[in-house]
Amino acid sequence: MINSILKEPKPKRIYHGFKSVIVPTEEVEQMKLVDWLRVKKIPHTHVANERMASIAFKKKLKALGVSAGFPDMIVFLPNLIIFIEMKRAKKSLSRVSDNQDDWIETINFYDYAKAKVCYGAGEAIDFINECLKGI
């Protein structure tokens, strides 16, 4: 079981006529973003609230403050905290939940924070670079 958890998830194959295109999963996109953040030495963390667990454990997590829809990544910049909800690069393969929309709206209310749903690592990196320019 441990080996299956550690293996990179298999990307979904999308067919366009005779040609197929492999679309990386959300996890793979996030790993690309984390690699970039590490190279740039930008402090960050992943909020691990996407777990499969028993009902009892999920109740415990909720009691401890885990909140559905909270963004996947927190990135710390000088004078600004960025929250990123990571999705697959192909928008048609991703869905933003009502809870995720609510969190993005709530976070964006504060002057010291920005939040965005990013479709793919490239969009997330562009968002971070845009925020860095504004500092």
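Start by selecting V117 and whatever sits around it: leaving out residues up to four places away in sequence, V117 touches E85, K87, V96, I104 and E123. You're looking at a predicted model, by the way. V117 belongs to strand β6, which covers residues 113-119. Is V117 buried or exposed? Its relative accessibility is 14%, under the 20% cut-off, so V117 counts as buried. Now add D72 and draw a distance between the two C-alpha atoms: V117 and D72 come out 9.6 Å apart in space, with their positions 45 residues apart in sequence.

**Over to E26**

Keep D72 on screen and select E26. Setting aside neighbours within four places in sequence, E26 is in contact with D72, E85, M86, K87 and R88. E85 and K87 should look familiar, as V117 touches them too. E26 is in helix α2, and with 26% relative accessibility it counts as partly exposed. For another distance, pick Y119: its C-alpha atom is 8.6 Å from that of E26, although the two residues are 93 apart along the chain.

**Zoom out for a moment**

Show the whole chain as a cartoon and colour it from the N terminus. You should find five helices and six strands, and going along from the N terminus they run α-β-β-α-β-α-β-β-α-β-α. Long-range contacts have a big share here: among contacts with a separation of 6 or more, 61% are between residues 24 or more positions apart. The chain has 135 residues, and 33% of them count as buried.

**The α2/α5 pair**

Hide everything except α2 (residues 26-39) and α5 (residues 121-133). Two packed helices are described by the angle between their axes and the distance between the axes. Here the axes come within 8 Å and cross at roughly 35 degrees, and the crossing is right-handed. Turn on side chains next. From α2, show E29, K32, L33, W36 and L37; from α5, show A121, A124, I125, I128 and N129, the residues they meet. What mix of classes makes up this contact? It has seven nonpolar, one polar and two charged residues.

**Largest pocket**

Bring the chain back with a surface on. To land in the largest pocket, centre on N49, E50, R51, A68 and G69, which are the closest to its centre of the 16 residues that line it. The volume of this pocket is about 440 Å³. Two elements give two or more residues to the lining, α3 (55-63) and β5 (80-87), and α3 gives the most, with three. Colour the lining by class and you'll get four nonpolar, four polar and eight charged residues.

**Second largest pocket**

Stay with E50, since it turns up here as well: of the 13 residues lining the second largest pocket, the closest to its centre are E27, Q30, M31, H46 and E50. About 300 Å³ of space lies in this one. Which elements each supply at least two residues of the lining? They are α2 and β3 (44-46). Helix α2 gives the most, with six residues, so select the helix again if you hid it. The class count for this lining is four nonpolar, four polar and five charged residues.

**Two loops with positive phi**

Last stop: a pair of backbone oddities. Follow the chain out of α2 and select K41, which lies in the loop between α2 and β3. K41 isn't a glycine, yet it has a positive phi of about 60 degrees. With 71% relative accessibility, over the 50% cut-off, K41 counts as exposed.

Then jump to the loop between β4 (73-77) and β5, where you'll find N79. What is the phi of N79? The value is near 65 degrees, again positive in a residue other than glycine. N79 counts as exposed because its relative accessibility is 74%. For a parting view, show K41 and N79 together with V117: the two loop residues count as exposed, whereas V117 counts as buried.

Definitions and conventions:
Residues numbered from 1 in each chain as written. Predicted model: local features only at pLDDT ≥ 70, side-chain atom pairs only at ≥ 80, totals over all residues. Heavy atoms only, no water. Axes fitted to C-alpha atoms, helices over the stretch in contact; angles between N-to-C directions. Helix = DSSP H or I, 4+ residues; strand = E, 2+ residues; numbered from the N terminus. Left-handed = near helix turned anticlockwise from the far one by under 90°. Contact = heavy atoms within 4.5 Å. Nonpolar A, V, L, I, M, F, W, Y, C, P; charged D, E, K, R; others polar. 1 Å grid on protein atoms, 1.4 Å probe; cavity = no way out; pocket = protein on both sides within 12 Å on 5 of 7 lines; lining within 4 Å. Points joined across faces, edges and corners; volume = space filled by probe spheres on them. Buried < 20%, exposed > 50% of the residue type's maximum accessible area, 1.4 Å probe, protein only.
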